[in-house]
Amino acid sequence: MKNCLLVLLLATCAQAATSPSSLIANVPGRTTVSLNGAWHAIVDPYDNGGGSGFFRDEKPRSNSDRIEYSFDLSPVLNVPGDWNTQREQLMFYEGPVWYRRQFIYHKRPNTRVFVYFGAANYTSTVYLNGEKLGDHEGGFTAFNFEATSTLRDGDNFLVVEVNNTRRADGVPALRTDWWNYGGITRDVTLIELPAAFIQDYWVQLAHGSQNEVAGWVQLDGAQSAQQVTIEIPEAHIRESVTTDAAGQANFHFPARLDLWSPEHPKLYDVTVSSGSDIVHDQIGFRTIQVQGANILLNGKPVFLRGVSMHEEAPFREGRAFSPEDAQTLLGWVKELGCNFVRLAHYPHNENEIRLADRIGLLVWSEIPVYWDIDWQNAATLANAQAQLRDEFARDHNRAAVILWSIANETPVKPERVQFLKQLAQEARELDSTRLVTSAMDRVDQTSVDVRTLSDPLGEVLDVLGLNEYLGWYWGRPEDADRMQWKSAWNKPIIVSEFGGGAPFGLHGDADQRWTEEYQDRLFQHQLGMIQRIPNLAGMAPWVLMDFRSPARMLPGIQDYHNRKGLISNRGQRKLAFYTLQKFYKKKMMEAGK
Ligand code: GCU
């Protein structure tokens with residue numbers, strides 16, 4: 001008895017680190033004012049706006065006054081939305097754009113207000129009524145600034161400079177195989193909160209337990225110890241704890257809960273309240289662990305039937321952001337027979353994550369440490385760590401998210417392993433309840449038909465991601481029939497990418513590259529091979545849907561699109577879509593699902 005209490009305490013302490021960033025949790029469950037809509041925008045290719053004081057939104061005060069910019073006279077851009085697909089001349093634009101949003105706000109007593117951005121690519125500087133609120137770097141994570149003292153009662157104007165210029169020390173760096181969509185790409189919201197409010201909370205099963213809930217609550221603005229109550233009415237749970245001087249309270253209590261799984265995506269209404277603040281959320285409870293070469297979901301081995309996808313909008317293209325986009329994309333994932341989706345190569349929008357929670361899809365979430373970056377630059381490491389913390393801060397209560405991926409296809413060199421070791425450590429300090437992985441593509445050619453996954457990074461991962469393009473970038477599809485795979489570790493392997501390109505509707509011989517028949521033949525050989533990979537725990541072929549890429553320039557075939565989709569960007573299913581669907585249906589039958 002004493003020992004298990006000790007174990008529990010240790011687990012709780014390990015899980016109870018304070019919330020990493022000042023990100024306000026669960027914005028969908030808060031009182032908010034949307035600032036979405038048409039924003040006037042000035043495209044500023046030579047970045048003159050700062051020096052010219054665009055953030056003051058000045059107007060000529062006399063006929064002779066010389067003001068050489070005007071938001072009022074400038075065309076609008078929709079927010080949320082990338083600018084590239086809103087105006088043809090901005091499709092290839094990389095640089096600063098200044099956005100302005102005017103709004104009327106009536107201040108209320110004892111109310112604090114924050115401006116919350118779902119994401120803006122790549123760097124953002126935010127001004128309110130001419131005053132700077134703050135900066136943010138990273139195109140795919142949320143950020144918020146307090147605006148209480150800067151807000152006016154009545155007319156207000158928010159100016160945001162967004163700059164998607166690629167940087168060698170950035171995350172990602174200069175080269176990606178996805179379009180560098182710029183702009184305010186997700187919702188902008190004003191959040192109204194009491195003077196002391198619930199900034200963040202974590203309500204999950206304790207590490208390794210199926211009947212103990214553990215977690216923490218972090219208050220902001222509490223002047224003294226304050227009572228916090230966690231309620232899960234359906235499970236007859238009502239627990240109260242008291243915060244310490246820093247506004248932090250940890251808790252753990254026994255609970256009999258219906259566990260969340262893809263087949264049974266059970267979400268509970270959970271309420272966290274303290275003082276005059278109350279937050280409502282829908283949370284699923286499940287455990288995820290590794291045991292030898294198996295991934296265990298709720299204590300049972302699970303095979304991850306997945307697909308990889310970009311956050312590219314179906315049909316209209318551009319950055320996806322809406323609940324409808326998520327519904328279409330994840331609907332296709334489900335139609336394939338998947339219980340798993342790899343969201344590549346950056347944290348996707350919250351609509352997708354929350355939908356995965358509701359419809360039952362296990363999620364691989366990734367930060368854009370992609371290909372080669374500035375490994376020895378401390379600022380680049382700090383940037384990557386901040387993106388990891390912000391990704392965790394937004395999604396740590398989502399049962400669907402099981403894997404934190406710290407990188408994709410990075411070169412094997414000491415400074416890279418050192419960098420990623422620190423990221424892996426950060427991920428574990430943040431979250432002892434999920435698994436750390438990375439997609440790796442460097443394998444040893446042990447002999448003609450044998451490849452060994454032995455990237456030194458594997459040492460620090462819980463789950464090994466393997467990207468292999470046999471039949472496309474190397475070898476022929478049929479070579480897969482003889483290929484043997486080995487691994488230097490007794491750890492679960494997810495084949496995180498394989499595939500080939502084919503524009504929808506291009507038909508021909510199965511050995512003619514770019515035809516649907518070639519892509520389909522590649523899949524058939526791959527699916528045979530993959531089942532023979534040792535320690536195989538799942539797969540996520542590349543890729544659900546064709547997506548825009550600056551690296552794909554073959555006219556009439558690619559036209560700046562990566563055509564490895566199983567579905568075209570017009571929603572047309574290719575032959576390989578049905579081959580994979582059939583394979584997953586068979587897998588489900590075998591697993592008795
Ligand atoms: C890589 C990479 C993807 C890319 C894909 C491809 O493996 O991770 O981002 O799109 O291969 O070449 O199509």
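Trainee: In which sense do strand β24 and β25 pair in this model?

Mentor: The model is a predicted one. Strand β24 covers residues 401–408, and four bridges join this strand to β25. Ser405 stands opposite Thr437 in β25. The sense of the pairing is parallel.

Trainee: What is the handedness of the crossover from β24 to β25?

Mentor: After β24 the chain passes through helix α6, residues 414–430, before it reaches β25. This β-α-β crossover is right-handed.

Trainee: Which residues of β25 point the other way from Leu435, Thr437 and Ala439?

Mentor: In a regular strand, side chains alternate between the two faces of the sheet. Strand β25 spans residues 435–440, and six of its six residues are buried. Leu435, Thr437 and Ala439 point one way; the other way point Val436, Ser438 and Met440.

Trainee: Which residue in β28 stands opposite Met440?

Mentor: β25 also pairs in the parallel sense with strand β28, residues 463–467, over four bridges. Opposite Met440 in β28 stands Leu466.

Trainee: Is Glu192 buried or exposed?

Mentor: The side chains of Glu192 and Arg108 meet in a salt bridge of 2.8 Å, N to O. This pair links distant parts of the chain, 84 residues apart, with Glu192 in strand β10 and Arg108 in the loop between β4 and β5. Arg108 is partly exposed at 44% relative accessibility. Because its relative accessibility is 12% and the cut-off is under 20%, Glu192 is buried.

Trainee: What separates Glu350 and Arg354 in helix α4?

Mentor: The two residues form a salt bridge, with their closest N and O atoms 2.9 Å apart. Because Glu350 and Arg354 lie four residues apart in helix α4, their separation is about one helical turn.

Definitions and conventions:
Residues numbered from 1 in each chain as written. Predicted model: local features only at pLDDT ≥ 70, side-chain atom pairs only at ≥ 80, totals over all residues. Heavy atoms only, no water. Buried < 20%, exposed > 50% of the residue type's maximum accessible area, 1.4 Å probe, protein only. Helix = DSSP H or I, 4+ residues; strand = E, 2+ residues; numbered from the N terminus. Pairing = 2+ DSSP bridges. Right-handed = clockwise from strand over helix to strand, strands pointing away. Salt bridge = Lys/Arg side-chain N within 4 Å of Asp/Glu carboxyl O.
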